[in-house]
Amino acid sequence: AATGENWSIKNYNPDDLVLIPFGDGYGWGNFSGGHGSKTAATFFQVAPKARLVQLSKISRARTGKDCYCGLEDDCLPYIEEYGITSVFCSFDMICDKYLAQKYQTVIDGLGTFNMFVAAGNEYSTDYVELARCDAVTTVGAYYIQNNKAIPEDFSSTTEYLDFSAPDSQVVKFAKETGVTTYGKQTGTSFAAPWLCGMACLVNDFFIDKTGKPLTHEAMMRFFRDHCVDIGAEGFDSKTGHGMVILPEPSEINVWKYQTKEGGETMYKDENQISEWAKENVKYCNEYGIMAGDADGKFRPQDFVTREELAC
């Protein structure tokens, strides 16, 4: 995964999991307990063994017809090199229709990439303009009180809000001198890395079962399928589709998320699979025995190579 922020890894680098392609961090989160390191610590509470890449240049942008997109021009090579499937951005990002289209094109081209953006700022309900981009996942915040989920007042109230995740979490840092604890951290800044960490867990499960992460479309469908309403039933402009609750792994229908919405299989050559074999192919895919090739084909008429048989 990746974060749009940076900080000095001399101050915070749990288990050496943080990567810094643009050099050791500076700025807002440059110290232990800064914004960047606190949001990263929130992410690691959910996905403690994931690698986290500092992609601070993702926020470099210029709007207008000749717009400049840091995601495309600075970060794309590292996304491909490290196999990054999710990034969280816990700050305002400038955007207009031209820049939004660039984000859309890059994310669509990557296929398995998810970009989680914090929806709003404390004491403000103005939404981040990047939320207008269909390919971006906008995250609002809720907190737990008396075993009940309550939406935060500062989450953006907008039709572009997708999901809600918890904030008000206690953040802890392990140091040579012991554990440093920071009190409850409020803000959608801390909801976005939480949902990003959940996406990492989901992808880890599907890579284990099928050999590849979910597409962005399948990930969003998986989240919607496992949402619990907060307040109003169904989608609403204050909490989106609701709060995502990950299911027990044994309850996940693996095959369902290997197909596109509407039931179209992701195998490009499904029509070559014999009718008598289709249910068996579905079974093998669901249990991770077979997953097709890198081009999305099943190749039912081909001989099996020794390497494929070993896999």
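A quick definition before the points: a residue is called buried at under 20% relative accessible area, exposed at over 50%, and partly exposed in between. Asp302, with a relative accessible area of 43%, is therefore partly exposed. Please keep in mind that this is a predicted model.

1. **Asp302 and its partners.** The side chain of Asp302 meets that of Arg299 in a salt bridge, with 3.2 Å from N to O. Arg299 has 28% relative accessibility and counts as partly exposed. The pair does not stand alone: Arg299, Asp302 and Glu308 are linked in a network of salt bridges. As general background, side chains of opposite charge can pair when their charged atoms come close.

2. **Asp269, a charge without a salt bridge.** You may want to look at this residue next. Asp269 sits in the loop between strand 14 (243-244) and helix 6 (278-286). Asp269 is buried but has no salt bridge. Its nearest side chain of opposite charge belongs to Lys297, 6.3 Å away. A salt bridge needs a side-chain nitrogen of Lys or Arg within 4 Å of a carboxyl oxygen of Asp or Glu, so Lys297 at 6.3 Å does not qualify.

3. **What Asp269 does touch.** The side chain of Asp269 reaches the backbone nitrogen of Arg299 at 2.8 Å. With neighbours within four places in sequence left aside, the contacts of Asp269 are Lys297, Phe298, Arg299 and Pro300. Arg299 thus appears twice in this note: its backbone nitrogen is reached by Asp269, while its side chain meets that of Asp302 in a salt bridge.

4. **Salt bridges across the chain.** How many salt bridges does the structure hold? There are eight. One of them joins Lys102 to Glu72, where the closest N and O atoms are 3.5 Å apart. This pair links distant parts of the chain, with Lys102 in helix 3 and Glu72 in helix 2 (residues 70-82), 30 residues apart. Lys102 is partly exposed at a relative accessible area of 26%, and Glu72 is partly exposed too, at 30% relative accessibility.

5. **A second link between distant parts.** Asp225 and Lys256 also form a salt bridge, and here the closest N and O atoms are 2.9 Å apart. Asp225 belongs to helix 5 (residues 216-225), whereas Lys256 lies in the loop between strand 14 and helix 6, 31 residues apart. Both residues are partly exposed: Asp225 has a relative accessible area of 37% and Lys256 one of 35%.

6. **Strand 6 and its neighbours.** Is strand 6 (residues 86-89) covered on its faces or left open? Both faces are covered, with Ser86 and Phe88 buried on one side and Val87 and Cys89 buried on the other. Strand 6 pairs with strand 1 (residues 2-3) in the parallel sense over two bridges, and Ala2 stands opposite Val87. Strand 6 also runs parallel to strand 7 (residues 114-118), joined to it by four bridges. Cys89 has Val117 of strand 7 as its bridge partner. From strand 6 the chain crosses through helix 3 (residues 97-110) to strand 7, in a right-handed β-α-β crossover. Helix 3 is also where Lys102 from point 4 is found.

7. **Gly231 in a loop.** Gly231 lies in the loop between strand 13 (227-228) and strand 14. At 74% relative accessibility, Gly231 counts as exposed. Gly231 and Ala149 are 82 residues apart in sequence, and their C-alpha atoms are 8.5 Å apart in space.

Technical notes. Residues are numbered from 1 along each chain as its sequence is written. This is a predicted model: local features need pLDDT of at least 70, side-chain atom pairs count only at pLDDT 80 or more; totals for chains, interfaces and linings use all residues. Side-chain values use heavy atoms; hydrogens and water are left out. Buried means under 20% relative accessible area, exposed over 50%, partly exposed in between (1.4 Å probe, protein chains only). Two strands pair if DSSP finds at least two bridges between them. A crossover is right-handed if, with the strands pointing away from the viewer, the path from the first strand over the helix to the second runs clockwise. Lys and Arg count as positive and Asp and Glu as negative; His and the chain ends are not counted. A polar contact is a pair of N or O atoms within 3.5 Å; within protein, one must be able to donate a hydrogen and the other to accept it, and residues adjacent in sequence count only if both atoms are side-chain atoms. Contact means heavy atoms within 4.5 Å.
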